[in-house]
Amino acid sequence: MLAKRIIPCLDVTGGRVVKGVNFVELRDAGDPVEIAARYNEQGADELTFLDITATSDDRGLILHMIEAVASQVFIPLTVGGGVRTVDDVRRLLNAGADKTSFNSAAIANPDVISAAAGKYGSQCIVVAIDAKRRTGDDAAQRGPGWDVYSHGGRRNTGLDALEWARQMAGRGAGEILLTSMDRDGTKAGFDLELTRTISDAVPVPVIASGGVGNLDHLADGIQLGHADAVLAASIFHYGEYTVGQAKARMAERGIPVRL
Amino acid sequence: MKTVAVVDYGMGNLRSVAQAVLHVARGSGFEVVVTSRPEDVRAADRIVLPGQGAMPDCMRELAQSGLRASVLEAAAAKPLFGVCVGMQMLLDRSAEGPTDGLGLIHGEVLRFDLEGRLQPDGSRYKVPQMGWNQVFQTQPHPIWDGVPDASYFYFVHSFYVRPSDARHSAGQADYGTRFTAAVARDNIFATQFHPEKSADQGLALYRNFLHWTP
């Protein structure tokens, strides 16, 4: 049976893995290859690198970093943050990434997803969706649901998250990385209603993200949110839990995991 | 020095496969070449045939690159390891398109038909199958040496192979249906999953391949 995946997410800037609180006080967290190797040894099923500054000057640095990691760590690697064009996909794949994650660029130009999937295959095209529950007048006028935000969560696009996820899968996205902005950073657990709504509606795998504070939250994302994979950053970075502990907890709850 | 050729016919990204083979080849006396030249494929001692994307596209590129004949010659005589679509191409035909495969292993390639079906936990089946699944070794084979039965390997695929002769199935996995995850015949071994993305157990398969004497 297919195992449910645990995916640690690593923030990258200037070709280094960093950690910080709410994007401030970023500190160097160590060598990317060593960190990736450590998560691999703990049993991480994949790794996601999020380029949090992603300026054009930075691009060469993350390419070198992915090259270094890919030559030593043999599990799937996803790169997100500042992926805009089909040529970005090509360069990241050539550097050793297995998947590339689009966010704002897909909103600005949905055709880029069809083009990238057509050229390199759906298996390497992830669409990241930052979703926030509609409230107040928005919810009154348009009904309950979630809106899609772009530009790192700063701009409400007015797109409905469910419709957007369906559209992206229809255009060839092979996977949806779904982040709840309401929960991100709260440690209150995933937005399970959001996760389940999207996961039950699209034919491709959904990765739940945003809000993990303990290991049961991960299991809830799978069992109650119907996610195919769960992504977390801070609980692993700060040494609160290892990936191995997370898998053991999921296994105790009856979830198939690769141990 | 003995060489392993990773065949580059222009489909997808060979870097991961090449890196993993290079990793296990260190100190083994093997040189790894990623090549698009038929003469390199003819000169190599062992062949790795990767593949990504749609099988009809891969077959077309293999023909247009001029590498098809050298791959067929290699498949007749040398150890050959096919990966993903590089495995699917070994069969006769695919539901993915009207193109014939290489016909080295008789049988066909089918699409997962899981629309609307639910997994045991109540969630829906997703296609592609993406992630780690257990592979049950259906026959002993030198490529499985040291790899425990039911080990997890990393899959990403919407199509799977069905060999006409069950003896050519070397491993199976479950995803809504029991399907063939590895095939073997004489000097050929191939996997639907990606050994290069399957951590230590995946690297073990490539290591075994370098030492395999069919």
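His151 of chain A is partly exposed, with a relative accessible area of 32%. I begin with this residue, and I should say at once that the model before you is a predicted one. His151(A) sits in the loop that links β8 to β9 (155-160) of chain A. Its phi is near 55 degrees, which is a positive value in a residue other than glycine.

A second residue of chain A belongs in the same discussion. Lys187(A) has phi near 60 degrees, again positive and again in a residue other than glycine. Lys187(A) lies in the loop between β10 (175-180) and α8 (192-199) of chain A. With a relative accessible area of 37%, Lys187(A) counts as partly exposed, because that value lies between the 20% limit for buried and the 50% limit for exposed.

Let me turn to Ser150(A), which is placed in strand β8 (residues 146-150) of chain A. Is Ser150(A) buried or exposed? Its relative accessible area is 3%, so Ser150(A) is buried. Setting aside residues up to four places away in sequence, Ser150(A) touches Ser104(A), Ile107(A), Arg155(A) and Thr157(A).

Next, the helices of chain A. Two packed helices are described by the angle between their axes and the distance between the axes. For helix α2 (residues 59-70) and helix α3 (residues 86-95) of chain A, the angle is about 35 degrees and the axes are 8 Å apart. On the α2(A) side, the residues in this contact are Arg59(A), Leu63(A), Ile66(A), Glu67(A) and Ala70(A); they meet Arg91(A), Leu92(A) and Ala95(A) of α3(A). By class, the contact comprises five nonpolar residues, three charged ones and no polar ones.

Another helix of chain A, α9 (residues 215-223), contains Leu218(A). The relative accessible area of Leu218(A) is 0%, so this residue is buried. Which residues are in contact with Leu218(A), leaving aside neighbours within four places in sequence? They are Phe190(A), Val212(A), Val230(A), Ala232(A), Ile235(A), Phe236(A), Ala246(A) and Met250(A). Of these, Met250(A) is 32 residues from Leu218(A) in sequence, while their C-alpha atoms are 7.5 Å apart in space.

I now move to the interface between the two chains. Here 33 residues of chain B are in contact with 38 residues of chain A. The buried area between the chains is about 3,000 Å², and carbon and sulfur atoms give 53% of that. Lys126(B), Met130(B) and Trp132(B) together supply 24% of the area that chain B buries against chain A, more than any other three residues.

As for polar interactions, two salt bridges are found across the interface of chain B and chain A. In a salt bridge between Lys126(B) and Asp228(A), the side chains meet with an N to O distance of 3.0 Å. The interface also has 19 residue pairs in polar contact, both residues being at pLDDT 80 or more.

Which elements of chain B each supply at least two residues of the side that touches chain A? They are α1 (15-25), β8 (129-137), β9 (151-157) and α6 (199-211). The most comes from β8(B), with six residues. That side of chain B divides into 13 nonpolar, 13 polar and seven charged residues.

I close with a backbone feature of chain B. Val127(B) and Pro128(B) are joined by a cis peptide bond, with omega about 10 degrees. Pro128(B) is placed in the loop between β7 (107-111) and β8 of chain B.

Technical notes:
Residues numbered from 1 in each chain as written. Chains lettered and ligands numbered in written order. Predicted model: local features only at pLDDT ≥ 70, side-chain atom pairs only at ≥ 80, totals over all residues. Heavy atoms only, no water. Axes fitted to C-alpha atoms, helices over the stretch in contact; angles between N-to-C directions. Helix = DSSP H or I, 4+ residues; strand = E, 2+ residues; numbered from the N terminus. Contact = heavy atoms within 4.5 Å. Nonpolar A, V, L, I, M, F, W, Y, C, P; charged D, E, K, R; others polar. Buried < 20%, exposed > 50% of the residue type's maximum accessible area, 1.4 Å probe, protein only. Buried area = accessible area lost by both parts, 1.4 Å probe. Salt bridge = Lys/Arg side-chain N within 4 Å of Asp/Glu carboxyl O. Polar contact = N/O pair within 3.5 Å; in protein donor to acceptor, adjacent residues only side chain to side chain.
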